Amino acid sequence: MTEEPTVFVVDDDQIVRDSLATLLTTAQIRTETFSDALEFLDRFDPERSGCVLLDVRMPGMSGLELQRHLLQMDVPMTTIILTGHADVPMAVGAMKTGATDLIEKPFRADDLIRRVRQAMGQNVEARRIWNRKRELQRSLESLTPREKTVLSMIVEGKATKAIAQELGTSFNTVRNQRTSIMRKMKTDSVVDLVRIMTELAGNPEQN
Amino acid sequence: MRWFTVIRGDDKIGSNDRGKCAAGIDQSMTIQECQDVYLDLLREYLAAGPTTVPGVFSEFGEGAADAGMSSADVIEIHETALECLRRDCPSLIDKSFVKLVSISLSETLNGYNAVKSRAPSTAPDSLRDVARQYTTTAVPHQIGVWDWDLKSNELFIDPGLKEMLGYADHEIENRPEAWAEIVHPDDRERTRTLSQAALDDRSRMFEFEQRLLHKNGQALWFLCRGRTIRDRNGGPVRLLGTNTNITAARLVAQEIREGVDRYHALIETVPYGIQEISLDGIVLYCNSACDRMLGYRPGERIGRSVLDLLPTQEEADDFCRYFQMCKTVQPPATPLITRHRTAEGRIFDVQMDWNYKRDATGAVVGYISVITDITDRRNYEASLRDARDELEQRVAERTAALEASESRWRSMVQAAPDYLVTVDRDARITYANRTPVGVPGELLHGRCVFDLADAAYRDELRTLLNDVFTTGEFASVEALARGPKGKRHWYSMRYGPIFRDGTVDGVSIFATDIHERKQSEALLHEAHQVLEAIFENTQFMIAYLDAEFVYFTANRAWSAAAAEGICPPFSAGENFFDIYPDEELHAIFESVVASVEPHSEWARPFHNYLGEQKRTTYWNWTLAPVKGRDGKAVGLIMTLLDVTDRVLAEQTLRKSEERLQAAQQMAHLGNWDWNLQTGHVEWSDEMFRIFEVNPENFKGSFEAFLRTVHPDDRENVRDTFTNAMENTGRYSIDYRVVLPSGTEKFLHGQAQVTFDERGKAKLISGTTQDVTARMKAAEQLRQSESLQRAILEAIPDMIFRMDRDGTILDFIPAAETPPFLPPSEFLGKKVEDVLPPEVARLCAEAQVRAAETGNVEVIEYRLDVDGQPHDFEARILVGAKEDMLSIVRDVSAERQAEERNRRHRDELAHVTRLSTMGEMATGIAHELNQPMSGIASYAAACLMILDSAESTPQSATLVDIINKIESQAQRAGEIVRRLRKLVVRRDSLYHAVDLMAAIREVMALVDADATHAGVETRIHTSGDVPCVLADRIQIEQVILNLVRNALEAMEVADVRRPRLEISVTTTPNDEVSVEVADNGPGVRPAEADRVFEQFYSTKNEGMGMGLSISKTIIEAHGGKMRVRKSATGGATFHFTLPISKGSPRD
């Protein structure tokens, strides 16, 4: 996160790669180029922020396939698909696989730059959410099994007393557990806890 | 064979390894090299002058001898060297030169001979000394030198030579004339001629054989060799030479020659084939007997393989193997029996005696074989064997025949119906096969044979028996003797003598019972007498002719009639038809003879034999054949009775009846009368025929008649009849009768009733006509017509019959198709008045063509029937009676199906074309957009740089230009985009598609191709296949692409049993999976990734679009497409499509 956001250009056409790099560098955007999807994946570091500029049509792994791959890896990466022709099925496919944007070739330079900046901004946000979610996830994982049970009952809206009764333990035990949960999950209200749990359970795209 | 080796040119001299010789001679040197050495020696010697003794020459001679050269070679070397010297430096040649040369030669020869004679070498100083030397050491070498000085005419002769001839040196003068005396008289002339020739000829050395006379008169053979020595002008100066005694050699040679000749003559005269065969089986020698035996020309077989003689490959192989074995093992030679084939191809048996041929060391170098033709011997043996066999067989046959004949004879005698008795000289019975009295023959043995005979014949029989005994000849007699049951029978007896040792020892008697014959002879005689009496006294005229119609006899009545000219006169031995020529009669006579059946005629007319003016007479006439023993006619009895008067009376009566009858018969019309008062019914002949009643059995009654009438008609007939009798007095009716034979007939009856004065019917007269044939024909016609019509009505075609003008005469409707108009509106009208003008014209033209060519013309047209367009196919042809038939079928359904199919194909093709173009446009767009993007980006970067830099007038211009560059790049991109939009016509229409229906549709399109290529196609499914969400046309296109690819791949690879399988399954991921598998050559792994690329094709004419489009389509549908190797090694293309929740449309 400390690093400057970077545009990762993945295109098999050397001229396109070079011209994009020239353009983006001129526009003061840090740029790295890759001649195919595999090269990109080789050097891919999920910690680096930025966006991927992907050509849809490439030998070997196509842009859409790479996109799908990234989606499966569950990394906070924003993708712009570059295509020579945008027809509806493909656009649908691209969006389904999590592309942020789709730019048709040939493109207007200012348009491209604007959308790249936008995507990078989105990535910063996505990355923030992703990090937070990862953090929450870790917090959740630090709970004991008993605490997890209690947590799920709290989220269901059950009162401490009811929980104690249901689990056959004392009220105090549950209250202590509850305090521990609050501490571990770094929150001080049940409302916030429920929100966090909803967030974790929900679709990562539904931020 | 080469008996000696000529060493010339590069051949090495000598064979023994004794190292380097004296005077530079070496046995490895060639003659030429020796010559060079000698020449050098001569040059040195000449240069040094005559003072020195040239020891080098004798060394040379020794060397030459050691090297194994002949003396002739040495002399030739010497002389060739002289020739060279003379040629090189003619100035040297003078008297001293000659002297020196002579010395050199003699020295050389001396050295040579010294070695040859194994004598220690001395050093003579002149040629004469050499000669002298010879005399002391002469005997082994027998050579003498002579030197003839032409100027002084002095002939030096080696004393040794003289000694050889038995003379002392002084006894022969050293003059040519004296020497000539020594030469054998027969050789003198030749010697002189050859010497003269040597003088005349500049170059040649001479050599000849001559005989010289020994002092004791014996002629000795010498080889005379010499050369002419010439001065510098080329004139001869001397003749120099040697004479070598070759008498012994000649004698030996002659002896050898004679020996060989003798041996040869011997070999050539023996009758055996002798041949010499090399170890390899090659014939090296073959005598003439051998050639003769094998049919080859002399010498022809030399050098050929002996295996050629073996008639078969197997025999040749055996032979070859045997002699291979002989070569290595060398077993003792044993004669072989084999077969040879001659040059003409005859194969004969051969005995081959052979032995090894060994050289001096005993090594086997070949074979000598002697072959003998043993065919004759073999044949002789075989014929001997055959003869013996035949003899034995004959004896056996003979024995068997004898035994058979004996038993046959015995059984014959036993079984014979005749009596066989043998008697001895005293007429006592010695054997009897049977007895007439029924006791065994043995009981009669010893009885007198005549006891059996009737007493009246005994003497006659006895005399006859004695005659037989005395004459030894056969005799026969008929006599009465004892028969069965105590009666006397006639017997025919034959006496035969039985000879023993040349005299009659007994007589055999064959007695045949002829009693019955005798009795019938007596009866016959009696009958004959009776017949004779009748024959002569009857009123019938009877004549008997033989089978050739020659008069044999005629009776008295015949003769009497003949006298009146009524019948031909009898004349024994003459042919009946010579007297009375009549072709008709002749034919009858012949037919009677041929058939052996009597022929008789009632009242046959005969023309009077005596002339035309006499009246014709009528005769009942019979011609009966007389059969011979074999059943054939041997004669004819002709019987005649005059019936002329009766005939004439009847003739007049008959004529009138006949006419009526004939008329009735022709019309099948009978008439009848029924007298109601008497009950009498009279029918004409035809009535009987109609009712199939015999006139004799006819008992006509109305009830009987009614019974024959068909039950269905009976009532009607009765009513009509009654009505006629009571009221109308006449009737006319059609009815059927069923006759006793079961035949049904249609009859037409008409009758008229005659009434008496009281009005009561008294007579009915009527006619009855048989109209069955007419009715039946009409009925059949009706039936066949209705059948035909039924058939025509059942077929799906309408049939119009028209005349030539196009007027519709008749119409047969089709079972299902209604006509254009109701029949009432077109029958009788012209085609052009009924059908629309265009169709009518089409019909009219076709009709004209059909009428002209006689072919079937087929036209198609469309008419609106009941407001619906229908397609019709009309086949127009010439009908039966010059009219035209038009067979019209409604082909709307077929045309519509064809149309649908065609449209479907067109649509697919169109989509394919569009997809191809779209795919290409996409590819091109991609390719173009890449550089466009580049240009735009670079331009934009430039602009940004310029923007941030300090502004100058130039930078403003640059910004302007770069802006233009960018906008042009954008424009180009826009053009590409528009082009693509233009090409991609339609958006995909996604809906639920029945995939199986789509597959079947595609298979229907390629069915013809697949069948033609012999491809076995199969479609597998697992359970129900759910619908997929797809654009049906696009999916069909994909399937079609895959199926076509598979078919083409299999065809190109020429697969023996091409098979295409399409499998459709449902996957757990809510997808339908389709596999198209072939058993073609498959896709190579290296190609598997590339086949889906654009413009990549393994086909010669492929664009490389099909699979690329297919993949694009499938992926656009959210499916996947892959290729892999199929189970059979072919290619399997596999794609998936998502399942649709809806139900299929269209």
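Visitor: Does Arg378(B) count as buried, partly exposed or exposed, and at what relative accessibility?
Guide: This is a predicted model, and in it Arg378(B) takes part in a salt bridge with the side chain of Asp349(B), at 4.0 Å from N to O. Partly exposed covers what lies between the buried limit, under 20%, and the exposed limit, over 50%. Arg378(B) therefore counts as partly exposed, at a relative accessibility of 36%.

Visitor: How many residues apart are Asp349(B) and Arg378(B), and in which elements do they lie?
Guide: Asp349(B) belongs to strand 9 (residues 347-358) of chain B, whereas Arg378(B) belongs to helix 12 (residues 375-415) of chain B. Asp349(B) counts as buried, at 18% relative accessibility. The salt bridge links distant parts of the chain, and the separation of the two residues is 29 residues.

Visitor: Which residue forms a salt bridge with Lys215(B)?
Guide: Side chains of opposite charge can pair when their charged atoms come close. Lys215(B) lies in the loop between strand 3 (206-213) and strand 4 (219-230) of chain B, and its partner lies in the loop between helix 6 (159-164) and helix 7 (176-182) of chain B, so the pair ties together parts that are 44 residues apart in sequence. Lys215(B) is partly exposed at 45% relative accessibility, and the partner is also partly exposed, at 37%. The closest N and O atoms are 2.7 Å apart, and the partner is Glu171(B).

Visitor: How many salt bridges does the structure hold over all chains?
Guide: One of the pairs in chain A is Glu166(A) with Lys158(A), whose closest N and O atoms are 3.3 Å apart, and there Lys158(A) is partly exposed with a relative accessible area of 28%. Elsewhere in chain A, salt bridges link Arg30(A), Glu32(A), Glu39(A), Arg43(A) and Arg48(A) into a network. Over all chains, the number of salt bridges is 48.

Visitor: How many salt bridges are there between chain B and chain A?
Guide: The two chains do touch, since 22 residues of chain B are in contact with 25 residues of chain A. Between them there are four residue pairs in polar contact, with both residues at pLDDT 80 or more. For salt bridges between chain B and chain A, however, the count is zero.

Visitor: What area do chain B and chain A bury between them?
Guide: The size of an interface is often given as the accessible area lost when the parts come together. Of the area buried here, 59% is on carbon and sulfur atoms. His926(B), Gln930(B) and Tyr938(B) supply 27% of the area that chain B buries against chain A, more than any other three residues. The area that the two chains bury between them is about 2,000 Å².

Visitor: Which element gives the largest share of the side of chain B that touches chain A?
Guide: The elements giving two or more residues to this side are helix 25 (892-948) and helix 26 (953-983) of chain B. By kind, the residues of this side divide into nine nonpolar, ten polar and three charged. The largest share is 14 residues, and it comes from helix 25 of chain B.

Visitor: What is the phi of Phe549(B)?
Guide: Most residues other than glycine have a negative phi. Phe549(B) is in the loop between strand 16 (541-546) and strand 17 (551-554) of chain B, and it counts as buried at 6% relative accessibility. Although Phe549(B) is not a glycine, its phi is positive, at about 65°.

Visitor: Where in chain B is Ala427(B)?
Guide: Ala427(B) is a residue other than glycine with a positive phi, near 60°. Ala427(B) is also buried, with a relative accessible area of 4%. Its place is in the loop between strand 11 (419-423) and strand 12 (429-432) of chain B.

Visitor: Which residue has its backbone nitrogen 2.8 Å from a polar atom of the side chain of Asp713(B)?
Guide: Asp713(B) lies in helix 21 (residues 711-728) of chain B, and it is buried, with a relative accessible area of 15%. Leaving aside residues up to four places away in sequence, Asp713(B) touches Tyr735(B) and Arg736(B). The backbone nitrogen at 2.8 Å belongs to Arg736(B).

Definitions and conventions:
Residues are numbered from 1 along each chain as its sequence is written. Chains are lettered from A and ligands numbered from 1 in the order in which they are written. This is a predicted model: local features need pLDDT of at least 70, side-chain atom pairs count only at pLDDT 80 or more; totals for chains, interfaces and linings use all residues. Side-chain values use heavy atoms; hydrogens and water are left out. Helices (H or I, at least four residues) and strands (E, at least two) are DSSP runs, numbered from the N terminus. Buried means under 20% relative accessible area, exposed over 50%, partly exposed in between (1.4 Å probe, protein chains only). A polar contact is a pair of N or O atoms within 3.5 Å; within protein, one must be able to donate a hydrogen and the other to accept it, and residues adjacent in sequence count only if both atoms are side-chain atoms. Contact means heavy atoms within 4.5 Å. Buried area is the accessible area (1.4 Å probe) that two parts lose on being put together, summed over both. Ala, Val, Leu, Ile, Met, Phe, Trp, Tyr, Cys and Pro count as nonpolar, Asp, Glu, Lys and Arg as charged, and the others, Gly among them, as polar.
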